[in-house]
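Student: Here is a structure I have to describe. Could we go through the terms and check each one against its definition?

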Amino acid sequence: MKKIKILYLSSGSSIHTIRWVNSLSKRPDLIINLVSQQKIIDRLSKKVIFNLLPFKGWFGYVFNVFKLKKIIRDWKPDLIHASYASGYGLTANLLNHHPLLLSAWGSDIFEFPRRSYIHRKLLELNLNNADVISSTSIVMAEEIKKFTKNKNIKITPFGIDTNQFKYNNIGKRKKYITLGTIKNLSEIYGIDILIKGFALAYHNLLEKDISLAKRMRLKIVGSGAQRKVLIELIRSLGISNIAIIKERVNHTMVPLEMRGISIFCAFSRQESFGVAVLEASASGIPVITSDRGGLPEVVLNGVTGIIIKELKVGLILGGIYGFM
């Protein structure tokens, strides 16, 4: 049996990349070569070949082409799969090697082209260079159509491991009601909105139902650029004694962190899919989400969770009360 060689061009610092290549490497008919300018942050299967590119940042997406051409000449892949239509999509475009599968991830489609006319044109060139484009959600696929004549767009929603994320009623009747999220601490994911909504609910309950207020807790798990800002926001809102921001954990530990959350919150300003929401739902945890991007595609409103139509703290307060 001839094995298909896939050169996977993606960020090694993304858990989604690691999960994709580790899963693909289990297939006996595939050989996966992960090539990235970012270092690996999680456990990579021994079956996956890994090449770290020499140049970093935006210039790296251009200058790494020379190293990649050598890898392609030596390794002779049957397919290149590039993730992120902006950065690695540019690298793939400059390589001009086919067949090419280009996966859109979110901000590359919803934010990147809105920065300037040049950004938009660059995205259009990258998308039109691909033989096939994949999108994790229907709403993002519709957005992609605005920038490309390429009609070969496939919907490839994220899956979750239901052996890891499953309903566990141990400790469901807990002393505390913990609102929480497990996410990168970036502005786009609306962690600040969650903190403000939680603080408003907590202070309101102190006046109306102090016994319930004493049971409220906030748990945030993740690392990112906004960490210091969010810690200061928690302090300024007077909830430091009941709110915690824990460092990012290995993905294998996420199910354990989920068990400590009573209500999972995702108030993203933009979200291409919402895999963390699915993981929470599979764990039997009700969710409250914004209606942005692909989030409504993974929530049964009023059944598995509540979808907030506008990112206003007052409405989020109502969503919180809906589960209490």
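The talk below takes up the sheet first and then the salt bridges.

Tutor: This is a predicted model, in which local features need pLDDT of at least 70 and side-chain atom pairs count only at pLDDT 80 or more, while totals for chains, interfaces and linings use all residues. Residues are numbered from 1 along each chain as its sequence is written, and side-chain values use heavy atoms, with hydrogens and water left out.

Student: What makes β2 and β3 a pair?

Tutor: Two strands pair if DSSP finds at least two bridges between them. Strands (E, at least two residues) and helices (H or I, at least four) are DSSP runs, numbered from the N terminus. Four bridges join β2, residues 30–36, to β3, so the pair meets the rule. One bridge links Asn33 to Ile49 in β3.

Student: Which order do the strands of the open sheet have?

Tutor: The order of the seven strands is β3-β2-β1-β4-β5-β6-β7, with parallel pairing.

Student: Why are β3 and β7 said to stand at the edges?

Tutor: Each has a single partner strand, so one side of β3 (49–52) and one side of β7 (153–155) is left without a neighbour in the sheet.

Student: How do you know that Asp78 and Lys2 form a salt bridge?

Tutor: The term requires a side-chain nitrogen of Lys or Arg within 4 Å of a carboxyl oxygen of Asp or Glu. For Asp78 and Lys2 the N to O distance is 3.5 Å, so the pair qualifies. Asp78 lies in the loop between α3 and β4 and Lys2 in the segment before β1, so the bridge ties together parts that are 76 residues apart in sequence.

Student: Why is Lys2 called exposed, but Asp78 partly exposed?

Tutor: Buried means under 20% relative accessible area, exposed over 50%, and partly exposed in between (1.4 Å probe, protein chains only). Lys2 has 64% and therefore counts as exposed, whereas Asp78 has 31% and therefore counts as partly exposed.

Student: What makes Asp74 and Lys70 a salt bridge?

Tutor: Their closest N and O atoms are 2.8 Å apart, so they satisfy the rule. Both lie in helix α3, four residues apart, about one turn of the helix.

Student: Is Glu143, the salt-bridge partner of Lys146, buried or exposed?

Tutor: Glu143 has a relative accessible area of 8%, so Glu143 is buried. Lys146, at 52%, counts as exposed. Their closest N and O atoms are 3.0 Å apart. Salt bridges that share partners join Arg114, Glu143 and Lys146 into one network.
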